[in-house]
There are 2 protein chains.
Amino acid sequence: MSGEVPRLDSEEFRREAHRVADWIADYFRDLAGYRVQPDASPGAIARQIPAQPPREGTSPDRIMEDFQRIVVPGLTHWNHPGFYGYFPANTSPPSVLAEMLVAGLGVQGMSWSTSPAATELEQAMMSWLRQMIGLPETFTGVIQDTASSATLVALITARDRSIADLGVSIDRLTVYASEEANSSVPKGARLAGVRPGQVRLIPTDDQAAMRMDALEAAMARDREAGLVPCCVVATVGTTGSTGIDPVATIGSLCRETGLWLHIDAAFAGSAAILPEMRWVLEGADQADSLVFNPHKWLLVNFDCSAYFVRDTVALRRSFGATAEILRNPQDDRVANFRDWGIQLGRRFRALKLWFVIRSYGVEGLQAMVREHIRLGKLFASWLDSDPRFERIGTAELATVCFRLRGEGSVDRDAINRDLLRRINETGRIFLTGTVLKGRFVLRLALGHLSSTEAHLEEAWSLIRGLVGAS
Amino acid sequence: MSGEVPRLDSEEFRREAHRVADWIADYFRDLAGYRVQPDASPGAIARQIPAQPPREGTSPDRIMEDFQRIVVPGLTHWNHPGFYGYFPANTSPPSVLAEMLVAGLGVQGMSWSTSPAATELEQAMMSWLRQMIGLPETFTGVIQDTASSATLVALITARDRSIADLGVSIDRLTVYASEEANSSVPKGARLAGVRPGQVRLIPTDDQAAMRMDALEAAMARDREAGLVPCCVVATVGTTGSTGIDPVATIGSLCRETGLWLHIDAAFAGSAAILPEMRWVLEGADQADSLVFNPHKWLLVNFDCSAYFVRDTVALRRSFGATAEILRNPQDDRVANFRDWGIQLGRRFRALKLWFVIRSYGVEGLQAMVREHIRLGKLFASWLDSDPRFERIGTAELATVCFRLRGEGSVDRDAINRDLLRRINETGRIFLTGTVLKGRFVLRLALGHLSSTEAHLEEAWSLIRGLVGAS
């Protein structure tokens, strides 16, 4: 086809799309047979890609062959039943189907008029999610790409409110989060223009929860120094060990003192769809904003973060984008979501929420989250019954932190780093490590559609085998 | 399946994925028969979605039926051959195939180790794109979701550099862009914490290009007032009428005075893949950063913005995210793209670039861009030959602005707003309007895979018919 003007050939697409559909189905079927993490050294994939772009076109056959030969062996398989790293980044059949349709449609959700169904379905899905996690109607939802962006949106809105209401310089604002907050929180505060030295990471207790005495002391010190506390970001489910900040108490403090309270419930928020886990969001009704990620634990493909905010006028004051080309006669009666976040262009993300929630129903999603929590506790019980291991923190949220106790004067961090390395080198399961209170720990995170009790038993057996062999 | 734990059923997925593949192929085949913009009033779609989430699961048949019945009639079809609105937001067969695979894989590109192939393919594709538009090797590329985010990234990096190097308060910084800059530019400056009153929108000449005398005067006034000029955002291809700021001259000024120069070439940057259009990026080698959107005019699905930056150390100083859980032994030898932008989590966007550039080859993409530019000039020639129309600005970049001249004391803005409304109400083609130098104009934007000369002839015939009938 070299030099010819490309055309939209629906029948060629049909042929290739069927092939790709089969490839994905085979991938799902065979996933457990892959190495979880590739055995790749830096540059190994890059070396296989020509340094210059091709002048002429290549056949679909050849591209699929190269995809299989070059790309797939270089991937970490996040939906592998042996993937227990970082956080679950779920994909699921109905979500992939919706993503396929979204790619084919290629519509824009920046304004209501640029695809009314995209905006209205998003409003409906955010209402469904709000009800599912038990937030009151005082919150309005909008999809953001990631929790990083949602938290940045909250911080910028809080910043602008403080500057406008109090007439203070941005240079005097301070932001508070716990030392266990996700890296995107202090980063977000810096991106919002808060001075790096005025982002306070508050010490946590032994459950990885923010210490109220330390928070209040930090605020008092700042006020004394002439600084202006602006926002607290409370974490529900820390990345390290699913610790939960005392949201209700922080909420009262924020209400009394006029601070913005943003809740980062990126992973753990999904647990609130279970009546018996609703307590994780206790006090969240006091917040100004909250984010949780259906793309983590609700079977929705990345990216899809649910951002809920109380004061949509303040949000639009900070994020409104006006231009003649964007105006429409319906503007006073509709939501134009370009005014609710950073990006002007917006993918049609609501469709995958609709497909997933309808396919499984709330009860199906509840059954899955409940099962993952059960598996987490089961794994914790196995650890607790083996005297070689020490378990750290809670195991209530499908994430379990542990380490080898070690004997005598052995370097405990070193033996645990070594154990993690040896586990991951098997390629059969994948865990991440982190540091809690200065101690290196291994961390097993559940939450995928593909992981069952049998897989977890295999993981436990593999870990024990490696310890026995060390 | 109510209450059961959902499982990853590869064969059920296979069945449904084939059905969806056919749906998309049919959609491509039948696209021209749809209304471009739906005949929907606010709330019409929302009313068809139950207010509460379903407790039980729904069959795939029913979900696809509802998709077809509720969602599709509420969409604006951005890839319709009659869509000439806003900007082209392309989809193309190889890009959709890649998006399908990416959804199925569900991998994360936040760090090299979280999927080495995602990072290394991204580096390779950004090098290909850099060469395709003729930027020197002094630039390093990274994918951002949208130009809004990329421009915000540039502004935050520039802001942090000014604060660090000059030891000034953020409150004294000023940012410059033309009055025709995209809404995301002044919005981005405000989001970065620049005082709203210190974002200068510089007047343009009659080609919608920033006036250098006005830029220099604004900077001089600001310096005199004790403010600190920080960044100029130059536009290559304004959203309204594809005007081009004098980049080379602005670049010299920025070099002399130590300002950051960011180039927003979101739409028009793709034209630089043509040797005969390379001039649109003249002077861009002087810039500190540049963004253009392969998702606009290079057949790559939204979202995919190519951000090129000279000083990657400064970028990572502003956007670096550190946390123990993110550390890896290879960190000193690899790029961890979470440190190159706002979001921690990152989709595997490089795959669609690879599929698209390889499928068509550079020559295929060049042929397409060349054809769209030819069609733009052809449409301009039709307008120029009809005395009822006046053409505004250039027609060199596949976007043509025009309006009815009107007769006597008629309200020219009113008759043109009315013409636009009547054009779009037909549902057969879709244009957007904008205001240039105080005058309302209609704007026809080309750039889709599906639009041919025959479609453009139909559009012209329809427009002339409506004028004749008014």
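Tutor: Before we begin, two residues count as in contact if their C-beta atoms, placed from the backbone, lie within 7 Å. This is a predicted model, in which local features need pLDDT of at least 70 and side-chain atom pairs count only at pLDDT 80 or more, while totals for chains, interfaces and linings use all residues. Residues are numbered from 1 along each chain as its sequence is written, and chains are lettered from A and ligands numbered from 1 in the order in which they are written.

Student: Through which surface do the copies meet?

Tutor: They meet through the same surface, because 100% of the interface residues of chain B are also interface residues in chain A.

Student: And what rotation superposes chain B on chain A?

Tutor: A rotation of 180° with 0.0 Å of shift along its axis does so, at an RMSD of 0.0 Å; the fit is by least squares on the C-alpha atoms of residues with pLDDT of at least 70 in both copies. The two copies are thus related as by a two-fold rotation axis.

Student: Turning to chain A, how many helices and strands are there?

Tutor: Chain A has 13 helices and 12 strands. Helices (H or I, at least four residues) and strands (E, at least two) are DSSP runs, numbered from the N terminus.

Student: In what order do the 5 strands of the open sheet stand?

Tutor: The order is 1-11-12-10-9 in chain A, with mixed pairing; two strands pair if DSSP finds at least two bridges between them. Strand 1 (83–84) and strand 9 (389–392) of chain A are the edges, each with a single partner strand, so one side of each has no neighbour in the sheet.

Student: In what sense do strand 11 and strand 12 of chain A pair?

Tutor: Strand 11 (residues 430–436) and strand 12 (residues 439–445) of chain A are antiparallel, over 5 bridges. Leu436(A) has Arg439(A) as its bridge partner in strand 12 of chain A.

Student: What about strand 7 of chain A: which residues point which way?

Tutor: Ser289(A) and Val291(A) point one way, Leu290(A) and Phe292(A) the other, and all are buried, that is, 20 or more other C-beta atoms lie within 10 Å of the residue's own, with C-beta atoms placed from the backbone. In a regular strand the side chains alternate between the two faces of the sheet.

Student: Which residues does Val291(A) face across the bridges?

Tutor: Val291(A) is the bridge partner of Asp264(A) and stands opposite Tyr307(A) in strand 8 of chain A. Strand 6 (residues 260–264) runs parallel to strand 7 of chain A, with 3 bridges, whereas strand 8 (residues 305–309) runs antiparallel to strand 7 of chain A, with 4 bridges.

Terms used: Buried ≥ 20, exposed ≤ 12 C-beta atoms within 10 Å, placed from the backbone.
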